[in-house]
Amino acid sequence: GMDIVRTNLEKLGGTVSIDSRLGRGSRFKVKLPLTLAIIRALLVKVGEGVFALPLTAVIETLKIESSEIHEVQHHEVILQRGKTLPLIRMAKVFPHEGAMTPAEKTLAQRDTVAATQAETSSHFLVVVGYGEKQVGLLVDRLIGEQEIVIKALGSFIGDIPGISGATILGDGRVGLIVDINGLIQFAVESRNVVAYP
């Protein structure tokens with residue numbers, strides 16, 4: 001089984017060495033590059049894409065009904081424990097093929113809150129925060145928690161607002177790691193969410 005460990009470590013740019021002494025035991029040394037970071041994340045699905053939300057920013061997950069979504073200054077919010085929580089539809093911030101059906105694309109082009117509320121009767125909501133501010137992210141599905149390895153996007157792709165890196169998932173697909181602070185800032189600037197006072 002150690003050859004599998006060595007192969008996977010070498011893919012990450014690390015090494016493993018074994019020092020065995022008869023009657024005293026074995027010592028395993030694992031070396032990983034300093035740029036390698038592993039975090040726990042909540043994986044969510046938006047259309048056909050998978051996004052990783054760092055668990056340090058996740059406060060709670062909820063399932064809400066469309067009737068709970070209200071409109072304030074042309075932006076979607078919900079009332080949560082007596083407080084107004086701004087909402088961000090991940091599919092609107094990160095649109096891609098497969099994120100919406102043709103009917104949903106037509107509704108999105110009209111850009112009316114009433115139309116988007118009518119798409120489904122219930123939604124998965126991930127409440128995230130930075131500092132004392134909180135926002136709700138509407139996603140298609142919750143996949144679960146997982147430890148992920150952060151990989152830089154590289155200079156070819158460049159900086160993407162709201163994305164801090166990528167990870168390779170167990171099935172070989174690429175998942176994008178969400179920068180919560182950057183996502184909220186981008187959503188405010190693109191008027192997808194109401195600005196904080």
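These are my notebook entries on the sheet, a helix, an aromatic pair and the salt bridges of this structure, which is a predicted model.

**Entry 1, the sheet**

I began with the strands and found an open sheet of five, with mixed pairing, in the order β11-β3-β4-β13-β12. I then asked myself which strands stand at the edges of this sheet. They are β11 and β12 (163-168), and because each has a single partner strand, one side of each is left without a neighbour in the sheet. I also looked up how neighbouring strands lie against each other, and on average they are turned by 35°, with direction ignored.

Within the sheet I followed one pairing further, that of β3 with β4, where the two strands run antiparallel and are joined by six bridges. As one point to find by eye in this pairing, I noted that Leu 43 has Ala 52 in β4 as its bridge partner.

**Entry 2, helix α5**

Next I turned to helix α5, which covers residues 180-189, and listed its buried residues as Ile 180, Gly 182, Leu 183, Ile 184 and Ala 187. In general, an α-helix has 3.6 residues a turn, so residues three or four places apart point the same way. With that in mind I went back to the list, in which Ile 180, Leu 183, Ile 184 and Ala 187 are among the buried residues.

Against what do the buried residues of α5 pack? I found that their partners include the strands β4 (49-54) and β13 (174-178), and that β8 (83-89), β9 (122-130), β10 (133-139) and the helix α2 (90-93) are also packed against. I noted that β4 and β13 also belong to the five-stranded sheet of my first entry.

**Entry 3, an aromatic pair**

My search for aromatic pairs came to a count of one. The pair is formed by Phe 51 and Phe 94, whose rings are stacked, with 5.2 Å from centre to centre and 25° between the planes. Phe 51 lies in strand β4, whereas Phe 94 lies in the loop between α2 and α3 (102-110), so that the pair links parts of the chain that are 43 residues apart. Are these two rings buried or exposed? Phe 51 counts as buried because its relative accessibility is 3%, and Phe 94, at 10%, counts as buried too.

**Entry 4, salt bridges**

Searching the whole structure, I found six salt bridges, and I wrote down three of the pairs in detail. In general, side chains of opposite charge can pair when their charged atoms come close.

The pair I looked at with most care is Glu 145 with Arg 40, where the closest N and O atoms are 3.2 Å apart. This pair links distant parts of the chain, with Glu 145 in strand β11 (residues 141-150) and Arg 40 in strand β3 (residues 37-46), 105 residues apart. Glu 145 counts as exposed at 52% relative accessibility, whereas Arg 40 counts as partly exposed at 40%. I noted as well that Arg 40 and Glu 145 are linked with Glu 147 in a network of salt bridges.

Another salt bridge joins the side chains of Arg 173 and Asp 171, at 2.8 Å from N to O. Here Arg 173 is partly exposed, with a relative accessible area of 37%, and Asp 171 is exposed, with 51%.

The last pair I wrote down is Arg 21 with Asp 19, whose side chains meet at 3.9 Å, N to O, against a cut-off of 4 Å for a salt bridge. Both partners are partly exposed, Arg 21 at 49% relative accessibility and Asp 19 at 36%.

Conventions: Residues are numbered from 1 along each chain as its sequence is written. This is a predicted model: local features need pLDDT of at least 70, side-chain atom pairs count only at pLDDT 80 or more; totals for chains, interfaces and linings use all residues. Side-chain values use heavy atoms; hydrogens and water are left out. Buried means under 20% relative accessible area, exposed over 50%, partly exposed in between (1.4 Å probe, protein chains only). Helices (H or I, at least four residues) and strands (E, at least two) are DSSP runs, numbered from the N terminus. Contact means heavy atoms within 4.5 Å. Two strands pair if DSSP finds at least two bridges between them. Axes are lines fitted to C-alpha atoms, for helices over the stretch in contact, and angles run from 0 to 180 degrees between N-to-C directions. Rings of Phe, Tyr and Trp (its six-membered ring) pair if their centres lie within 6.5 Å; planes under 30 degrees apart count as stacked, over 60 as edge-to-face and the rest as tilted.
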